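Good morning, colleagues. Please take a moment with the sequence and the structure before I begin.

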Amino acid sequence: MPDIVIETSSGRIRGTTTPSGVHVFKGIPYGGSVAGANRFQPARPPEPWTGVRDALAYGPTAPQASPAEAGGGAGDPAAAARMAPFLAFLHGLAGDEPAQDEDCLVLNVWTGGVDQQRARAVLVWLHGGAFSTGSGSWPLYDGAALAARGDAVVVTINHRLGPLGFLHLGELAGDRYRDAGNAGMLDIVLALRWVRENIAGFGGDPNRVLVFGDSGGASKTSILLGMPAAKGLFHRAAVMSGPLIRSCPADVATANAEELLDRLGIAPADIAKLHDVPAELLIAQAESIGVPIGSGLAGAAGSEQFMPFQAVVDGHVLPAHPMDPQASPLGAEVPVLVGSTRDDMKMIMLGMPWFGSLDDAGLAALAGGMFGAAGPEFVRAYRAERPDATPSELACAFVTDRVMWWGGIDWAQRKIAADAAPVYVYRFDFATPALGGILGATHGGEIPFAFDNYPLTPMAGERPENAQVAQVISEAFVRFAQEGVPDHPGLPTWPAYTLDGRATMIFDAESRVDDDPRQAIRELHARVSAG
């Protein structure tokens, strides 16, 4: 793998070249230190260096709790036993992560070529894990195959997470900390500025940048569409199973910060002491604040209740909710791809005590908690649609549809109302054989196909259809990055989503376009949402 040296705004870096001709650069600093006195502060560009810096290995992982510490069925032996193989599966997706370190502002680049004659589309990936876990260095996000297939440039990043990136101190500690609640989002903006300044040297086009992400990465993409500092730094967006409509209000974020300070025994007047708290203690104390996402409230509660440390509507970094009461005008002209998977939330529901044992009475109670007086109507409608499903399966469908499927449609409708750029909608139905097939068409299941790196992860399994599905989906993402339209010859014609047609691409072993799939269920969710 021969070395290749590129000049960046901070200095020269050395990468490698794969046998397929893709140039790879890992662990490139895009920001300076955010530890010590710089904790909770907006990051600055890195200090320049002399000589040639190696970019041959992934950089530090952002401090975070492990999946087992963050949930994993703790306190319920049956759920814990059920989650054990799932947590092993997650480790297979993540691989052996680099060590955690607060100074984690690094990014990775895969490029099909560094020549300046062909300006390649740039795909910037924001990792999942809500706003509290994850990393851009997972094997699931390896960009080599996508860069090779699309002759494109792929970028993944690490940024601050959890209370280190989203602890809102503005109302408690004054102007010095006014941006602390959005420090993690400002990290992403800084990375996008790095892309604008440097990506041409990697063969990329700074005027054709797609920001895309799944789950928490999709939520971060939604936030970027409402951030003044991000305007103009990207030109297309893809929101994959994370259609964030409302972010955390400042008063709720302040209450969460007060609770964390109380747990740590730190008064607001002594806020400087927060800089000396070990990162692992800060994260451990933050873990139990809020409502567990699978508690049964996830479909009805606001995201701030199960993601207490996330982007904050602070009036300046994030002036308003990204999509409420309407789509932010800041991202109105950006074409967007919006999607979900058929069984999105089932993965998360595995850790619930009721999974696999829920009876009809329990289902009715859960439906009532999510949908109020309309609960019985939802039970009847879903039973009519899936007469052979168990109560646990229907409960998973309730949460999946409310949060992800209907949530994505609601998000798309709000974006369409701006009437400034097209929206394309998909649903991923290609079920994974992993863990005996229990996950179905799982949350994040389209990622190894969008990246065309399915052999690197246990998510895809071994199926003869994998190569074709990867070719179809990865090409759609590359075309969208290049042109703002995901259509290509390997797919049926994919119209933009409208309130009249509601054309939806169904990605499967054989992909198809359905107009207004599951219309009756959609209308039921819409009616309940309208009150």
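**Helix α13, the core and a pocket**

Let me begin with a check on one helix. Helix α13 has 27 residues, and at 1.5 Å a residue these should span 39 Å; the C-alpha atoms at its ends lie 36 Å apart, which agrees. Please keep in mind that this is a predicted model.

The course of α13 deserves a further remark. At Asp401 the helix bends by about 50°. Just after α13 comes Asp419, which takes a positive phi of about 55°.

Where does α13 sit, covered or uncovered? The helix is mostly covered, with 24 of its 27 residues buried.

That brings me to the largest nonpolar core, which holds 169 residues. Those touching the most other members are Leu224, Met227, Phe234, Leu274, Phe398 and Phe507. Helix α13, residues 391-417, gives the most to this core, namely 14 residues.

Allow me to single out Leu274 from that group. Leaving aside residues up to four places away in sequence, Leu274 touches Arg39, Phe40, Leu167, Leu169, Leu261, Leu264, Ile266 and Leu282.

I turn finally to the second largest pocket. How much space lies in it? The answer is about 430 Å³. Its lining comprises 24 residues, and Gly31, Gly32, Ser33, Arg44 and Pro46 lie nearest the centre of the pocket. Two elements, β3 (23-29) and β4 (52-54), give two or more residues to this lining. The largest share comes from β3, with 3 residues.

Thank you for your attention.

How values were computed: Residues numbered from 1 in each chain as written. Predicted model: local features only at pLDDT ≥ 70, side-chain atom pairs only at ≥ 80, totals over all residues. Heavy atoms only, no water. Core = buried A, V, L, I, M, F, W, Y, C linked by side-chain atoms within 4.5 Å. Buried < 20%, exposed > 50% of the residue type's maximum accessible area, 1.4 Å probe, protein only. Helix = DSSP H or I, 4+ residues; strand = E, 2+ residues; numbered from the N terminus. Contact = heavy atoms within 4.5 Å. Expected span 1.5 Å × (residues − 1). Bend = angle between axes of the 7 residues up to and from the residue. 1 Å grid on protein atoms, 1.4 Å probe; cavity = no way out; pocket = protein on both sides within 12 Å on 5 of 7 lines; lining within 4 Å. Points joined across faces, edges and corners; volume = space filled by probe spheres on them.
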